[in-house]
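Welcome! Take a moment to turn the model around on your screen, and then let us walk through it together.

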Amino acid sequence: MGVKPHCPFMQNANLQYCTIMNNRYCTGGIRCERASALLNQMSSIQEDLKPKGVYHCRGGIERYVKTFPEGGFWRGKNYLFDKRMEQTPDVKDKVVVEDDIDAKCCLCRKKWTIYRGQFKCNRSLCKVPVIICESCTTAATEEPKYVMCELCREGYRAPSMVPDLVAMKRKADQLVDADDFVESSQLVATNQMLAKKPKSYYKDRIFLQRLPLTASFSKVKAALGSDRVKALDWLVDKESGGFYGSCIVLMSSETDKKHALHRGSSKNGLKVDKKKARVSEVFIKYIDEGGMFKKFVQKEFPPVGR
């Protein structure tokens, strides 16, 4: 599911089928997060748009098939935007992958499982990507009016007008701002209380931010030094239970902690899976007597959420 400001989803954002339940996924988890946020925001101001639930696959299919190399519940191929073109589960037989796919050329109707040429449905505002086989490529290029997706073939019609998303966002923001005012008043009182106490930091812990969703305990250890890391606690969103790119790392010593902070502030920085992470100290908010890492079970991969 691709989401851009001018894409079909954003233009057809008042689709009625969204009133039941909406499950979103995309290659890397970024566009489906935007789509999920948009649906949640719109449902707060549109009376005729009340989904029972909006869910997205955190990290996208890219991360899902890496977490479950046999494929898990995923069926078929995952279209990519780089030279790889498509992604399949690492340990799943290619013949089984092909058998799982129920796809056909939208012109000649024969089975075809390869998306090339960036052909799109030619109906109104639809523009959904469609599959064209090698034999029909010339016909689709010369007479695009016959290129039609399965939904439009079944009779679906996209809205004739593009919704005013800017006005809808402003209205939703006004509702959010009213709630934030109450919360901000409570935060001010809490911060004033904390400001009276001198700040202190753990001598053996660091806080990592901006980690890629493909991060693992082994990759973080390799970046920091295997002998310098004792344990790692993935931080997750309280509502979804999903990893959002941050963790607390228990270092072997205070010297190792200082070494990690120095690495993070250097020109090249600290990189995990080629992505530069932010490294900082961990502020002690309360006396935990080893709390976070007491009776701790190390997890290799961050949680994917509920």
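## A tour of the chain

The protein chain has an accessible surface of about 19100 Å², and 55% of that surface belongs to carbon and sulfur atoms. Please keep in mind that you are looking at a predicted model.

Let us begin with the overall build. The secondary structure of the protein chain consists of nine helices and nine strands. The chain has 306 residues, and 38% of them count as buried. Among contacts with a separation of 6 or more, 64% join residues that are 24 or more positions apart.

Now look inside. Which residues touch the most other members of the largest nonpolar core? They are I206, L208, L211, L224, W234 and V249, in a core of 21 residues. Two or more residues of this core come from each of β5 (201–209), α8 (217–224), β6 (229–236), β7 (243–251), β8 (270–272) and β9 (275–283). L224 makes a good example to click on: leaving aside residues up to four places away in sequence, L224 touches I206, L208, V229, V249, M251, A260 and L270. Another core lies apart from the largest one. This other core has 15 residues, including F119, C126, C136 and A140.

Next come the rings. The structure holds four aromatic pairs. One of them joins Y79 and Y115 in an edge-to-face arrangement, with 5.0 Å from centre to centre and 80° between the planes. This pair links distant parts of the chain, since Y79 belongs to strand β3 (residues 78–79) and Y115 to the loop between α4 and α5, 36 residues apart. A ring can also meet a charge: the charged end of R205 sits over the ring of Y202, 4.0 Å from the ring centre.

How open to the outside are some of these residues? The table sets the two tyrosines of the pair beside E134.

| Residue | Relative accessibility | Class |
|---|---|---|
| Y79 | 25% | partly exposed |
| Y115 | 13% | buried |
| E134 | 65% | exposed |

The cut-offs explain these classes. Y115 is buried because its 13% is under 20%. E134 counts as exposed because its 65% is over 50%. Y79, at 25%, counts as partly exposed because that value falls in between.

Finally, where does E134 sit? Its place is in the loop between α4 (94–100) and α5 (137–142). Measuring from C-alpha to C-alpha, E134 and G117 are 9.7 Å apart in space, while 17 residues separate them in sequence.

Methods. Residues numbered from 1 in each chain as written. Predicted model: local features only at pLDDT ≥ 70, side-chain atom pairs only at ≥ 80, totals over all residues. Heavy atoms only, no water. Helix = DSSP H or I, 4+ residues; strand = E, 2+ residues; numbered from the N terminus. Buried < 20%, exposed > 50% of the residue type's maximum accessible area, 1.4 Å probe, protein only. Contact = heavy atoms within 4.5 Å. Areas by Shrake-Rupley, 256 points an atom, 1.4 Å probe, with all protein chains shown as cover. Core = buried A, V, L, I, M, F, W, Y, C linked by side-chain atoms within 4.5 Å. Phe/Tyr/Trp six-rings, centres within 6.5 Å; stacked < 30°, edge-to-face > 60°. Lys NZ or Arg CZ within 6 Å of the ring centre and 35° of its normal.
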